[in-house]
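Me: Please take a close look at one part of this model for me, starting from side-chain pairing and working outward. I would like one connected account that I can follow at the bench.

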Amino acid sequence: MGAGGRMQVSPSSKKSETDALKRVPCETPPFTLGDLKKAIPPQCFKRSIPRSFSYLIWDIIIASCFYYVATTYFSLLPHPLSYLAWPLYWVCQGCILTGVWVIAHECGHHAFSDYQWLDDTVGLIFHSFLLVPYFSWKYSHRRHHSNTGSLERDEVFVPKKKSDIKWYGKYLNNPLGRTVMLTVQFTLGWPLYLAFNVSGRPYDGFACHFHPNAPIYNDRERLQIYISDAGILAVCYGLYRYAAAQGIASMICVYGVPLLIVNGFLVLITYLQHTHPSLPHYDSSEWDWLRGALATVDRDYGILNKVFHNITDTHVAHHLFSTMPHYNAMEATKAIKPILGDYYQCDRTPVFKAMWREAKECIYVEPDRQGEKKGVFWFNNKL
């Protein structure tokens, strides 16, 4: 996971990790969204078409170079080297394509340009290439941003209450069980969410991102769900033609395995942004938009922060101002941190260590028993 996943923890890092586990404030903040916006330089909100395209084109060039090297030279390598070359390609290509995914995600937030039609065109093309139904996910993700931290209305990674834990939960609360659950989550979690709403909020009816009449969407959005499905079908047809010409093994090696890595990174990033022992969740008696938006955490993925266009370490700012382009989010984060104070959460725990810790500590949420705010819920793990 980049340097953030390999660095050894120094004594000062251990102290900061302990501080990071301290609960963030859950009271109404002493500042407003307007106060935060005034602190950010106005140019941070400006979207530049040339600059946005420069990041996308750079990612495409690198991904194309990886593809060219793999398909041209790997077959010439002796077998021992080819066994090393392909895994290296998979990881590198998966990381770069995750960056492409992030830019398409920005299009869904109208953060790519000032033109909605351009954002939707770019987003549809590149999300479809990664088998993501662009408009379908755009609308459900928008609802996630509108309801972050709400136990009733948030869209994804909605934590369970203790009473909702299944009978077999206690049998999975051990190293082997956590390993199995994390493996399934990072390999199948994304397609299961899209197809069956796994880890999403409950709906009345079949909540599938590919189904235009799913209860996730309103009548004005249903036509665009068909367009999303058409984009996915077009890419699937292209993959079929590639497999027919080059072989299914080639298709899996150059596209399928990197896509699995993209999906794994997507779930990992989202999971760690919204799952942390210090973060509160709220029921309808306590939730409001600003406190919900602040119930997220910035993480450190080392050099991959740049590869992922800083979606990892500027997520708090992204939830506050989602139409801000990624290349201005670092400056915005620096500007609002003094105002946010204790409401800003950044955990630099190495990613693998944090993943395991959160899987162990954040099993369910229960009401705050230390104060009077019974509508505030915190993670616990005692089954």
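Reply: **Salt bridges and what surrounds them**

Let's begin with Arg47 and Asp114, whose side chains meet in a salt bridge, 2.9 Å from N to O (a side-chain nitrogen of Lys or Arg within 4 Å of a carboxyl oxygen of Asp or Glu). This pair links distant parts of the chain, 67 residues apart: Arg47 is in the loop between helix 2 and helix 3, and Asp114 in the loop between helix 4 and helix 5 (116-129). Helices (H or I, at least four residues) and strands (E, at least two) are DSSP runs, numbered from the N terminus. Arg47 counts as partly exposed because its relative accessibility is 23%, and Asp114 is also partly exposed, at 47%. Here buried means under 20% relative accessible area, exposed over 50%, and partly exposed in between (1.4 Å probe, protein chains only).

A word on the ground rules: this is a predicted model, in which local features need pLDDT of at least 70 and side-chain atom pairs count only at pLDDT 80 or more, while totals for chains, interfaces and linings use all residues. Residues are numbered from 1 along each chain as its sequence is written, and side-chain values use heavy atoms, with hydrogens and water left out.

The structure holds 11 salt bridges. One of them joins the side chains of Asp219 and Arg222, at 3.0 Å from N to O. Its two ends sit in unlike settings: Asp219 is exposed, with 67% relative accessibility, whereas Arg222 is buried, at 18%.

Arg299 forms another salt bridge, with Asp347, and the closest N and O atoms there are 3.7 Å apart. This pair also links distant parts of the chain, with Arg299 in strand 2, Asp347 in strand 3 (residues 346-347), and the two positions 48 residues apart. Both Arg299 and Asp347 are buried. Salt bridges with shared partners tie Arg299, Asp347, Arg357 and Glu358 into one network.

Strand 2 (298-299) leads us on to helix 14, for strand 2 is among the elements that cover the buried residues of helix 14, along with helix 2 (33-39) and helix 13. The buried residues of helix 14 (residues 329-340) include Ala329, Ala332, Thr333, Ala335, Ile336 and Leu340. An α-helix has 3.6 residues a turn, so residues three or four places apart point the same way. Just after helix 14, Gly341 takes a positive phi of about 55 degrees.

Helix 13 (315-320) also borders the loop that holds Ile311, with helix 12 (304-307) on the other side. Ile311 is buried, with a relative accessible area of 14%. Not counting residues up to four places away in sequence, Ile311 touches Val102, His105, Ile269 and Gln273, where contact means heavy atoms within 4.5 Å. The C-alpha atoms of Ile311 and Trp101 are 11 Å apart, although 210 residues separate them along the chain.

Ile269 falls inside one of the spans 55-76, 88-105 and 252-272, which UniProt lists as "transmembrane region" in an unreviewed entry; such annotations may be inferred rather than shown by experiment, with positions in the numbering used here and feature names shortened. Residues 252-272 are 100% helix and 0% strand, with end C-alpha atoms 28 Å apart. Residues 55-76 are 86% helix and 0% strand, and their end C-alpha atoms are 32 Å apart. Leu76 is in the loop between helix 3 (49-73) and helix 4 (79-108), and it counts as exposed at 63% relative accessibility.

Further along the chain, His281 is found in strand 1 and is buried, with a relative accessible area of 6%. Its contacts, leaving aside neighbours within four places in sequence, include Gly149, His274, Val365, Val376 and Phe379. Strand 1 belongs to an open, antiparallel sheet of three strands in the order 1-5-4. Its edge strands, strand 1 (281-282) and strand 4 (364-367), each pair on one side only. Strand 1 and strand 5 (residues 376-380) are joined by two bridges, and two strands pair if DSSP finds at least two bridges between them. Across from Tyr282 stands Val376 in strand 5.
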